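Grab a pencil and have a go at the exercises below. Try each task yourself before you read its solution.

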Amino acid sequence: MSYANVTDLKKRYGEEELLDLARLSDGTLDEAKVDEALEDAVQTIDSYLAGRYTLPLNNIPAVLVRHCCYLARYFLEKNRPTDQARQDYEDSIRFLEKVASGTITLGLSDSGETVESDNTVVMESDGSVWGRERAKGFI
């Protein structure tokens, strides 16, 4: 199961940037290379999630799509990662470490189902403190 796909990478980085990283000799995108980078990213993410969640996840949080794209881009850049790609990679690893330790949650139960929060906000008002009818000519 993949957390992201080629379309997600194109939306995040643009097709030209992907072509710069994975171009075939005929000028088209090397989808096999991109799929390999995505698979490496999935394996990295799963190695952190396996201790906390039942894999594969039934629902994929958007945050995992983003981090999968970050990791895949870093893997595509291999021996020449940009500073931004390196920073995104390091941030993703820190995020995954926090998920693995339980400091951060993905909003999923142990079985991978989305958890509905009991934390709801209810606002109530006692009414207006100031108003024309209470001001008695002041306003």
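Here come five exercises, each with a worked solution.

This is a predicted model, where local features need pLDDT of at least 70, side-chain atom pairs count only at pLDDT 80 or more, and totals for chains, interfaces and linings use all residues. Residues are numbered from 1 along each chain as its sequence is written, and side-chain values use heavy atoms, with hydrogens and water left out.

**Exercise 1: aromatic rings**

Task: Find out which residues form one aromatic cluster.

Solution:
- Start with the rule: rings of Phe, Tyr and Trp (its six-membered ring) pair if their centres lie within 6.5 Å; planes under 30 degrees apart are stacked, over 60 edge-to-face, and the rest tilted.
- The count by this rule is 3 aromatic pairs. One of them joins Tyr74 and Phe75, edge-to-face, at 6.0 Å centre to centre and with 65° between the planes.
- Phe75 also pairs edge-to-face with Tyr89, at 6.1 Å centre to centre and 70° between the planes. Phe75 sits in helix 4 (residues 62–77) and Tyr89 in helix 5 (residues 83–101), so this pair ties together parts 14 residues apart in sequence. Helices here are DSSP runs (H or I, at least four residues), numbered from the N terminus.
- Put together, Tyr74, Phe75 and Tyr89 make one aromatic cluster.

**Exercise 2: cysteines**

Task: Work out how many disulfides the structure holds.

Solution:
- A disulfide needs a pair of cysteine sulfur atoms within 2.5 Å.
- For Cys68, the closest cysteine sulfur belongs to Cys69 and is 6.1 Å away, which is too far for a bond.
- The structure therefore ends up with 0 disulfides.
- How accessible are these cysteines? Buried means under 20% relative accessible area, exposed over 50%, and partly exposed in between (1.4 Å probe, protein chains only). Cys68 is buried at 0% relative accessibility, and Cys69 is buried too, at 1%.

**Exercise 3: the nonpolar core**

Task: Say which helix gives the largest share of the largest nonpolar core.

Solution:
- A nonpolar core is a set of buried Ala, Val, Leu, Ile, Met, Phe, Trp, Tyr and Cys residues joined through side-chain atoms within 4.5 Å.
- The largest one has 33 residues, and Leu49 and Leu64 have the most contacts inside it.
- Helix 1 (6–13), helix 2 (15–21), helix 3 (31–49), helix 4 and helix 5 each bring at least two residues.
- The largest share, 8 residues, comes from helix 4.
- Now zoom in on Leu64: leaving out residues up to four places away in sequence, Leu64 touches Tyr3, Ile45, Leu49, Leu57, Phe95, Leu96 and Leu106. Contact here means heavy atoms within 4.5 Å.

**Exercise 4: two helices**

Task: Decide how helix 1 and helix 4 are oriented to each other.

Solution:
- Axes are lines fitted to C-alpha atoms, for helices over the stretch in contact, with angles from 0 to 180 degrees between N-to-C directions.
- Helix 1 and helix 4 pack at about 85°, with their axes 10 Å apart.
- Angles under 35 degrees are roughly parallel, over 145 roughly antiparallel, 65 to 115 roughly perpendicular, and the rest oblique.
- Helix 1 and helix 4 are therefore roughly perpendicular.
- Asp8, Leu9, Arg12 and Tyr13 are the helix 1 residues that meet Val65, Arg66, Cys69, Tyr70, Ala72 and Arg73 in helix 4.

**Exercise 5: backbone oddities**

Task: Look at the peptide bond from Leu55 to Pro56 and at phi of Lys78.

Solution:
- Recall that most residues other than glycine have a negative phi, and most peptide bonds are trans.
- The bond from Leu55 to Pro56 is cis, with omega near 0°. Pro56 is in the loop between helix 3 and helix 4.
- Lys78 is not glycine, yet its phi is positive, near 40°. Lys78 lies in the loop between helix 4 and helix 5 and is exposed, at 52% relative accessible area.
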